[in-house]
Amino acid sequence: AFVRQQKAVMTRPDSRPGLSSIRCPTLVLVGEGDQLTPPALSEEMAALIPNSRLVSVPDSGHLSTLEKPEAVTKALVEWMES
């Protein structure tokens, strides 16, 4: 299952060209130490999505929801209340 998932990820189309058409509120959240989806890629996504918010979770990697659940929850609550 893991190998199939990785092959699917590697062959999926690039979605960056369509990001500018997103019109709903969007939070881009990344662990500051994420090596699988580095913060620079999240910065690029946030820059392409109009009126999006980028949050970098300190001291976490790709699994920020498990590594820093309080920080992720705080970011989500603040975003939803804004």
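Asp14, Arg16 and Glu44 are linked in a network of salt bridges. The structure in which this network appears is a predicted model, and the count of salt bridges comes to three.

Within the network, Arg16 is paired with two acidic residues. The side chains of Asp14 and Arg16 form one salt bridge, with a nitrogen-to-oxygen distance of 2.7 Å. A salt bridge also joins the side chains of Glu44 and Arg16, where the distance from N to O is 3.1 Å. Glu44 belongs to helix α2, which spans residues 39–48, whereas Arg16 is located in the loop between α1 (2–11) and β1 (27–31); the pair therefore ties together parts that are 28 residues apart in sequence. With respect to solvent accessibility, Asp14 is partly exposed, at a relative accessibility of 45%. Arg16 is likewise classed as partly exposed, with a value of 39%, and Glu44 is partly exposed at 30%. Since partly exposed denotes the range between under 20% and over 50% relative accessible area, the values of 45% for Asp14, 39% for Arg16 and 30% for Glu44 fall into this class.

A further salt bridge is formed by the side chains of Lys74 and Glu78, with an N to O distance of 2.7 Å. Both residues are situated in helix α4 (residues 69–81), where a spacing of four residues places Lys74 and Glu78 about one turn of the helix apart. Lys74 is exposed, its relative accessible area being 51%, while Glu78 counts as partly exposed at 38%. The assignment of Lys74 follows from the cut-off for the exposed class, because exposed means over 50% relative accessible area. In general terms, side chains of opposite charge can pair when their charged atoms come close.

Attention then turns to the backbone, where two loop residues were examined. Asn51 has a phi angle near 55°, a positive value in a residue other than glycine. Asn51 is part of the loop between α2 and β2 (53–57), and it counts as exposed at 78% relative accessibility. A positive phi of about 55° is also found at Asp59, which is not a glycine. The position of Asp59 is in the loop between β2 and α3 (64–67), and Asp59 is exposed, with a relative accessible area of 60%.

Definitions and conventions: Residues are numbered from 1 along each chain as its sequence is written. This is a predicted model: local features need pLDDT of at least 70, side-chain atom pairs count only at pLDDT 80 or more; totals for chains, interfaces and linings use all residues. Side-chain values use heavy atoms; hydrogens and water are left out. A salt bridge is a side-chain nitrogen of Lys or Arg within 4 Å of a carboxyl oxygen of Asp or Glu. Buried means under 20% relative accessible area, exposed over 50%, partly exposed in between (1.4 Å probe, protein chains only).
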